[in-house]
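Let's take a walk through this structure together. Keep the 3D view open and follow along as we go.

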Amino acid sequence: MALLISTATFGLSLVMLKQFIANGVTSDFDKALTYTISFLPQIGSSFTLGIDGISLWLVLLTNLLTPLAIWQSFSSIKIQPRTYYGLMLLMQMGMTGVFLSTDLLWFYMFFEFTLVPLFLVVGIWGGANKIQAAFKLFIYTMAGGVLTFGGLLFIVWTHASQTGGALTFDIQTLYATDFGLGNTQIWVFLALFAGFAVKVPLFPFHTWLPLAHTEAPTAGSVILAGVLLKLGTYGFLRIVLPILPEASDQLAPLIAMLSLVGLVYGALAAWVQPDIKKLVAYSSVSHLGVCMLGLFTFNSEGLSGSLLYMINHGISTGALFLIIGMVYDRYHTRAFSELGGLAKKMPIMAFFMIFFSMSSVGLPGLNGFISEFVIFVATFNSTVLGPWYALIAVSGVILSAIYMLYLCQHMIFGPFKAPEVVHHEGDDVLPEDLSPREWGILLPLAILVLALGIYPKIYFSTTNAAIDQLNTTIIVKRDAIQEAIKKSEATPVVLNRNITEIK
Amino acid sequence: MNLIENPTLIQVMLPIIILLCGAMVVVLQSVIKEGCRCVSPLLSLVTLVLALMANQCASKHLGVVDDGSVGTTLLSYWVANIGLLVGILLVFISWRPDGFGEDEPGKVYITGEFFAMMLFSIAGLLLVGVSNNLIILFLGLELVSMPTYIMVTLSRNVFQSKEAGLKYFFLGALAAGILAYGFAILYGITGALEYDQIATWMQSNTSPYFVVPFLLIIAGLCYKIAALPMHFYVGDVYQGASSPVSALLAFMPKIAGFVSITFIFNMFGTDLFAMADLGHYIGWTFWILAALTMTVGNTLALMQTNTKRVMAYSSVAHTGYMMTALLVGAATDAILFYMAVYAIATLGIFGVLSLIEKDGDEAQQLMDLRGLGRAYPGLAAALAVCVFSLIGMPLTAGFIGKLLVFSALVNDATPVPCNMILLVIGLINAAIGACYYLRILKASFIEEGDFQFTVYNKSKPQIIGITLATLVTIALGVMPTMLYSKIETTAHSEKSPTAVVLFDRLSSTD
């Protein structure tokens, strides 16, 4: 039942895609596809939804992954299934809502709301350490989220006091907020950073992730890695960069450093994990470091590559978690020491595993390569970052290849090793290799991986206009602020970059 | 709105008179007819509905009665509305058609006196709302609290509730004494009892002793709202009373206290902090109290293992959030909305708690809730919605309440100094609050183990009450304008000396 609803939602999103393309790919939120109801006019917030090139693919990703995750859960969720599927649908609503909102309040509301079903899903259907995982992810993310909330309120009220008191939460309108030349931008940036950085997760705020990923049920991990992490990067892209470009510019080197540290650290940590799921969890930390790097390059290739990276990571890591879940359903273990040489018994699974691992690493011809390459080129060319950052980032590719190949080598090749399967009463008896349902789940993802790898134009053609416009907004505003800072030489302004440039 | 002629005493007091008469009828009939358990709640419902209707009529004549003692304002109208509506919900939550035997020791029983006391308490709340001078205010506050002392003591047949009642009464009497003393000194200094007259006096005169009465008054009122440093009683009292009584305690004295503080702060004029010396001093004291209340409330709640004590200390924390809105001065509508939302969610949680029976008494420990999610998913879902509302999760009314309160702080036009720091403290406390609220959910949904107790689910009115609370919480979370757009007018009231409107289009900049 839930599968039907979820798939129907996906169907709707495909319709939306067609409509969007049919209307001509414009850079504005397509007016024909917006929907507004009045919500709380006293504070200027209305329930507005809208789609543009940036949100489009993320919505598609969400609505693709959720039905697949639900479909996969058929074999792994045995207790209280109805509650579970209800919560998954609630999560889909929350995530789609985040990407579709053009109203800042509703963005935040959906952003926080996804925590509710996630907490319950991890807490009730999770693994051995589920309570700690559920609490940690909820409290950590919420703590960051409330600080973001404060920052958002401050942005709205600053904007209101500048426009003569007209309160609005509309994101596009808030792009024009002017924070003056002082340190206010930095503070607001830090406030917003708190929430989004925890969600991304950016090193060193990532500690909730390995725990949550490992202890969540399979579908929970898929949704978490595939979509929920993108909420953070989307927040950076949509809100932080355009509204606070000068602060982003100043702090970009710092954030890029954190991303790179996360990249290398995540990769190295992944290499030594004894648990397959934890390995992939740390690989998420590592990969999203690259994503964040792309966001702060301040050119449109970087933004575009970063967005594509979000999509790609969602697909490939989601698929990896799905496969690991399928293995777990059969052998009820995730430890390296107990599994090995599965290619002998499960060739189809092996094929998909290698396929998606290569996609995750960034093998040319598959989707990961396109996004990584674009981000590296953007970082290299960036005026804010530079070649050195790109250099370190590229080394991350090697590291990710190391742990992924390590994973494949031990789990898929080599002597066959698997624990005895004990069939409990009422268990589904799963075939040794992947059942048609299971590789049916993986097939759409594989097709998408290939398609985006060989013909990325399907992505770039729909998103370029929106990305360019966003990038222009960011750069123009940042340059304007820097001009204003230069002009105000008389008043001492404490901004590091400014001092060096005046000299 | 008829502003030409002042309303008469009857017009202003009609809802209160209805409530008082209804309360006395309920008391009488509960003495005469002991057998039937449905009459008291029904009578209370009828009384509340009649009072609600009378309140609508009263709102047509805004103004102060000729002798200046009471007066209807939009604030009083809305306080009455909210009080009566929550009262109706409370009647549903406490209504057990089949009841228990009164003789069995340790059993929870709700008698006719409970409903009568509840009606008296609500009448007191309405009286506080319409009050226009200090004496009537004091009268109203006492009328709110006195019945609650009785309710707490009588609510359960165990020693705990007697102890709780006694503690509550003694400390409450002390607080009332402090309050009365403060009012007396205030009268002595200013020579006036009515709010307007005191405010006028304060504009033009000053006195070196002026801090004293205000500190005493705030101390007394802090007891009512369970703010620091008068919050110590909440844990034992909420634990000792039965769940419906705890629910009433979480709402009635609090909103009465908040309205009173609103009146007191209104005397300072539009801007609490602008008035030199005194306003600054009182304002900063309250600022610190607000910050500490939130923090201490949350910290204490983290250490509890008893659900009702968690609710008690969390109510202290919620008081802290609302106190920050009090500082803003013009955020009365935010406070009313938050109060309503908080009351409804609390009623839902206490309603669920009151249904669980353990050894003839209520189940109170967090661990007692183990397995509720599996055994009674509907009840557990209602509990979850109400708990998420209190945490402040979006799509529930609690989030909107916090949004409004924190927005009031951020607003550039607010006079509160260091409002950003207070905002950050508030936000962090909201996150800390999630920790202990999640424990309730952890116990009901996540913990392994079967549910060991029985749930008294034949009590239709209680189920109706809980369902209503849950639905309203979600409805107000998604469509807050249902309530909020109407309350907003409170801030525009002409009778209140506060002229700053929360969302006024001011052109002031920093």
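With 17% relative accessibility, B:Arg309 falls under the 20% limit and therefore counts as buried. Its salt-bridge partner B:Asp236 sits at 26%, so that residue counts as partly exposed. The two side chains meet with N and O 2.9 Å apart. This is a predicted model, by the way, so keep that in mind as you look around.

Where do B:Asp236 and B:Arg309 sit along the chain? B:Asp236 is in helix H9 of chain B (residues 234–240), while B:Arg309 belongs to helix H12 (residues 307–328), 73 residues apart. They also have company: B:Glu163, B:Lys167, B:Asp236 and B:Arg309 are joined into one network by salt bridges that share partners.

Over all chains, the structure holds seven salt bridges. Here are some of them:

| Salt bridge | N to O distance | Apart in sequence |
|---|---|---|
| B:Asp236 and B:Arg309 | 2.9 Å | 73 residues |
| A:Arg334 and A:Asp275 | 3.4 Å | 59 residues |
| A:Glu438 and A:Arg330 | 2.7 Å | 108 residues |

Now hop over to chain A. A:Glu438 lies in helix H17 and A:Arg330 in helix H13, so their salt bridge ties together parts that are far from each other in sequence, 108 residues apart. Both A:Glu438 and A:Arg330 are buried. A:Arg334 and A:Asp275 are buried as well, but these two sit in loops: A:Arg334 between H13 and H14, A:Asp275 between H11 and H12.

Helix H13 of chain A (residues 300–331) is also home to A:Gly302. At 0% relative accessibility, A:Gly302 counts as buried. Beyond its close sequence neighbours, A:Gly302 is in contact with A:Gly294, A:Leu295, A:Thr297 and A:Ala378.

So what happens where the chains meet? The contact takes 37 residues from chain A and 45 residues from chain B. Together the two chains bury about 3,500 Å², with 82% of that on carbon and sulfur atoms. How many salt bridges does the rule find across this interface? The count is zero, and there are also zero residue pairs in polar contact when both need pLDDT 80 or more. On the chain A side, strand S1 and helices H4, H5 and H6 each supply at least two residues. H6(A) gives the most, with 15 residues. That side divides into 28 nonpolar, seven polar and two charged residues.

Last stop, the cysteines. The count of disulfides over all chains is zero. For B:Cys21, the nearest cysteine sulfur is that of B:Cys57, 16 Å away.

Key:
Residues numbered from 1 in each chain as written. Chains lettered and ligands numbered in written order. Predicted model: local features only at pLDDT ≥ 70, side-chain atom pairs only at ≥ 80, totals over all residues. Heavy atoms only, no water. Contact = heavy atoms within 4.5 Å. Buried area = accessible area lost by both parts, 1.4 Å probe. Salt bridge = Lys/Arg side-chain N within 4 Å of Asp/Glu carboxyl O. Polar contact = N/O pair within 3.5 Å; in protein donor to acceptor, adjacent residues only side chain to side chain. Helix = DSSP H or I, 4+ residues; strand = E, 2+ residues; numbered from the N terminus. Nonpolar A, V, L, I, M, F, W, Y, C, P; charged D, E, K, R; others polar. Disulfide = S-S within 2.5 Å. Buried < 20%, exposed > 50% of the residue type's maximum accessible area, 1.4 Å probe, protein only. Lists of a residue's contacts leave out its neighbours within four places in sequence.
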